[in-house]
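Welcome, and please take a moment to look over the sequence and the fold before reading on. We will then walk through the structure together, one region at a time.

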Amino acid sequence: MKRILMVAAATLILAGCPSYPPQQPVEQPPIVPIEPQQPEVTPPPPPDKVPTPPKQQTTDWSAAISPLVAQMVAADGVEPGKVLLVDSVKNNTNGSLPVQLITSNMMSAVENTQRFNVVPQDVVNAARKTLGLSQEDSLVTRSKAIGLGRYVQANYVIYSVMSGSNKDRRLEMQLMEVQTGEIIWTGKKNIE
């Protein structure tokens with residue numbers, strides 16, 4: 001019985017094995033040496049031409065303002081020794097202007113005449129802050145200038161407006177009496 005079982009087991013084992021056809025040796029493809037290829041060298045594209053920025057127009061504000069200040073000092077009805085407030089220049093041009101720089105040049109030009117007691121810039125800044133007026137206020141009006149002048153107890157105020165375009169600017173200055181609002185002197189100058 002043992003033998004029968006062994007034969008049966010062997011038969012089952014052999015019956016479970018798949019039969020394969022005899023294998024033939026696999027031919028290797030021939031080895032062909034490949035020569036390394038040089039990568040194509042393409043010249044780099046020409047650099048983009050950067051456009052030259054337009055020349056910035058520099059203005060000598062002191063030289064531009066001084067003739068107007070000289071006219072103002074020589075005007076009839078202007079009393080020397082009074083307190084004068086130089087208000088910020090109003091920008092009515094189609095571009096931006098260094099308003100603070102223009103205003104400080106105007107203050108310097110007036111101080112150089114030694115005809116007025118100019119309200120110092122720090123007093124003007126403190127008064128503007130107290131009254132809620134911004135340093136960069138582009139909506140400067142005569143009434144704001146006179147109100148500021150009254151607050152700092154000035155006798156006169158210079159109200160000035162820059163108008164035109166960046167290429168053709170015009171500065172208009174007015175000297176106003178603070179108490180009455182009367183315009184004592186007006187001057188205009190083209191700024192190059």
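**A walk through the model**

Let us begin at a turn: in the hairpin of E5 and E6, where five residues lie between the strands, glycine 181 has a positive phi near 80°. The names E and H stand for strands (E, at least two residues) and helices (H or I, at least four residues), which are DSSP runs numbered from the N terminus. This is a predicted model, in which local features need pLDDT of at least 70 and side-chain atom pairs count only at pLDDT 80 or more, while totals for chains, interfaces and linings use all residues. Residues are numbered from 1 along each chain as its sequence is written, and side-chain values use heavy atoms, with hydrogens and water left out.

Back at the hairpin, E5 and E6 pair in the antiparallel sense over eight bridges; strands pair if DSSP finds at least two bridges between them. One of the bridge partners in E6 is isoleucine 183, which matches methionine 176.

Now look inside. A nonpolar core here is a set of buried Ala, Val, Leu, Ile, Met, Phe, Trp, Tyr and Cys residues joined through side-chain atoms within 4.5 Å. Buried means under 20% relative accessible area, exposed means over 50%, and partly exposed lies in between (1.4 Å probe, protein chains only). The largest nonpolar core has 29 residues, and Met72, Val110, Ile158 and Leu171 have the most contacts inside it. Two or more residues each come from helix H2 (61-74), strand E1 (83-86), helix H3 (99-113), strand E4 (156-164), strand E5 (169-177) and strand E6 (183-191). H2 gives the most, with seven residues. A second, separate core has 15 residues, among them Leu85, Val124, Ala145 and Val161.

Which residue in the loop between E1 and E2 should we visit next? Valine 89 is found there, and it counts as buried because its relative accessibility is 2%. Leaving aside neighbours within four places in sequence, valine 89 is in contact (heavy atoms within 4.5 Å) with Val99, Ile102, Thr103, Met106, Ser160, Met162 and Leu171. Seen from the other side, leucine 171 has contacts beyond four places in sequence that include Val89, Met106, Ser160 and Met162, as well as Ile65 and Leu68.

Further along, threonine 93 sits in strand E2 (residues 90-93). With 13% relative accessibility, threonine 93 counts as buried. Its side chain makes a polar contact with the side chain of asparagine 91 at 2.5 Å. Such a contact is a pair of N or O atoms within 3.5 Å; within protein, one must be able to donate a hydrogen and the other to accept it, and residues adjacent in sequence count only if both atoms are side-chain atoms.

Two helices complete the tour. In H4 (121-131), Val124, Ala127 and Arg128 are buried. Seen down the axis of H4, these buried residues fall within an arc of 100°, so they line one face of the helix; the arc is that of the directions from the helix axis to the C-beta atoms. The face turned away from the buried side of H4 carries the exposed residues Asp122, Lys129 and Thr130. The buried residues of H4 pack against E1 and H5.

In helix H5 (residues 142-151), the buried residues are Ala145, Ile146, Leu148 and Gly149. They fall within an arc of 160° seen down the axis of H5, so they line one face of the helix. These buried residues pack against E1, H4, E4 and E5.
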